[in-house]
Amino acid sequence: MQIRATGGPATAEEMQAVDAVLGQPHSLWEGGERAPSDDHLARGGRETRSQRHLLLPVLHSIQDRVGWVSRGGLEYACRRLSVPPAEAYGVVTFYDRFATDKRPPLAVHVCDDVACKCAGADELCAALESAFGPSGPSGSHSGAAWYRSPCLGLCDQAPAVLMERSGMGHVEGRITHAESEVVREVLDGGEWPQAEPVGIPQPRSELRLLRRVGEIDPESFDSYRAAGGYSAFRRALELGPEGVIRELTDAKLLGRGGAAFPTGRKWDAVARTPVRPHHLVTNADESEPGTFKDRVLMERDPFAIVEAMTIAALATGCERGYLYVRTEYPLARHRIEHAVGQARAHGFLGDDVAGTGAHFDIEVRRGAGAYICGEETALFNSIEGKRGEPRNKPPFPVQAGLFGKPTLVNNVETLMNVLEILNTGAAAYAATGTADSTGTRLFCLSGHVRAPGVYEVPMGTTLRSLIGMAGGLHEGRELQAVLLGGAAGSFVTEKQLDVPLSFEGTRAIGATLGSGAVIVLDDTADLNQILLRIARFFKHESCGQCVPCRVGTQRQEEILQRVLASRGANGREGDIALLGEIAQAMRDASICGLGQTAASAIQSAFVQLGVGR
């Protein structure tokens, strides 16, 4: 018995959206017109199933064109890809970006996460609810609807709004420093405002990784070359693969994605693995609340990322690269896609990279709204067209990663450091920062500071100095806490502001640098509501694969609500103790970092800030 989706046949628009990705079907077996040979010859099989990795691009195409994925449209995609409908349904319902119920053409997503809360997102949502009804399709109005959203990666310009209109001319845009009148006008069918580019709020003489941001045309290959682009690539060719890896090792570069794994050791492990082919994956699924540095780099210096990926591929023997960028970053995605095309046109990607005889090319993949896909093995599953659920380790990605082959995974900031190391030399690079945390680090400052934005400072700079660079608090305000490392990080207090921002420095106080997010909260912040938002975030983003995380994040939110609403009530101390036990269970038994850190900020609020006393 074959279980099939129900809901009628695919519409012409849905079929066109699928065919735009896969090409026209050639037989009845692929969903096309019946041909005489179809009675005698079945087409598809392994060749069709090998395209399973195109499931997410196909679903994005349907969502862009129609605004939602109907059962009929999903079944047509299943026929084209030979994917069982039940599996495809599990995928389409896993990712927040895909809607399985009909929606209006215009969707307006309003961020209500921590940084935007500090900038008035709750008041903005209240105004929209008063004018248009509740968040979601039930609040649709004149072909438009608004939705509450987790962090959009625009924390430096909060409150932020993402706009999207489906159809043949699918378009996306954003509203920064959003005001209710502007958003209401958009929902009423008015013109979309144009977001102005934001500069780097520190002197250019202090910058290394960010030095080209705002100085070059991000859509011009010639502009990038004139600013020193591909000089690191030339140096890499002179050094050779082993020399490049040796430079990274001597520079003591640690990964900037949060795990702080030695980059040189990772590259060397992939390069030495005899199994072929090797894959390269750049993790640009920057979904940690309060983090937006990768967005700035992709939007303002995209060619540098392409250059760094090419160097990584030549050093480790990778033949195919994938850059996985979150769907909430449309401008970054378009800029990277353009940069890849330009690099290919100038001979720096393709069958003969810059005359070296090496083959390497890059494909940009679009995430679909799943925080868990920041975990490397969940990201692999997403690229392969599956639910973004983490895999057990071992085997590790350097042994069996994407498509079961050796895979090198780095995030955007790590790759940017590679260019700096090759341009300046390992010794000069290691001279900056501390002995164990070398180089500079990008930090995303948001919340209640005068000048939010991305800041680049040497490792070991104190948190107090960093906040001072952003202008400090607004006049008359006092510091309540700093959320360091995003929702998966921890709270620090005024007494801890002199902590050196290095891997070893934050570890000494029980904190973490994480993704580089620094959300400053003054005495006007409603800490209880912020904690509840963090708890709700993790409950929603848990992939549900393992019980400790799936149940733990649910119970954490429920118990936290009771604790914050029951000051002085009987059983309150027991609830606080139970929260600690749940946090320990999630840390010890969750399959990945999401569950292991889902309670970190909340527990630190109880310990450091005295919440619940």
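Here are a few short exercises on the predicted model above, each with a worked solution.

Some ground rules: residues count from 1 along each chain as its sequence is written, and side-chain values use heavy atoms, with hydrogens and water left out. Since this is a prediction, local features need pLDDT of at least 70 and side-chain atom pairs count only at pLDDT 80 or more, while totals for chains, interfaces and linings use all residues.

**Exercise 1: overall shape**

Work out how the radius of gyration of the protein chain sits against the globule rule.

Solution. Start with the rule: take 2.2 Å times the number of residues to the power 0.38, with the radius itself taken over C-alpha atoms. For 613 residues, that puts a compact globule near 25 Å. The protein chain comes in at 24 Å, which agrees. As for the box, the C-alpha atoms fill roughly 80 × 60 × 50 Å along the principal axes.

**Exercise 2: contacts along the sequence**

Find what share of contacts between residues at least 6 apart in sequence join residues at least 24 apart.

Solution. First fix the term: a contact means heavy atoms within 4.5 Å. Then take the protein chain's contacts between residues at least 6 apart, and 72% of them turn out to join residues at least 24 apart.

**Exercise 3: the nonpolar cores**

Identify the residues that touch the most other members of the largest nonpolar core.

Solution. A nonpolar core is a set of buried Ala, Val, Leu, Ile, Met, Phe, Trp, Tyr and Cys residues joined through side-chain atoms within 4.5 Å. Buried here is under 20% relative accessible area, exposed is over 50%, and partly exposed is in between (1.4 Å probe, protein chains only). The largest core has 75 residues, and Tyr-95, Ile-372, Phe-491, Ile-534, Phe-538 and Leu-560 touch the most other members. Helix H20 (residues 527–541) gives the most to this core, chipping in eight residues. Another core, of 67 residues, lies apart from it and includes Leu-210 and Ala-339.

**Exercise 4: two charged residues**

Decide whether Arg-333 is buried or exposed, then do likewise for Glu-123.

Solution. Arg-333 is found in helix H14 (residues 330–345). Its relative accessible area is 5%, so Arg-333 is buried. Skipping neighbours within four places in sequence, Arg-333 is in contact with Glu-172, Val-325, Thr-327, Val-364 and Arg-366. Now for Glu-123, which lies in helix H7 (residues 121–132). With a relative accessible area of 56%, Glu-123 is exposed. Helices here are DSSP runs of H or I, at least four residues, numbered from the N terminus.

Technical notes. Helix = DSSP H or I, 4+ residues; strand = E, 2+ residues; numbered from the N terminus.
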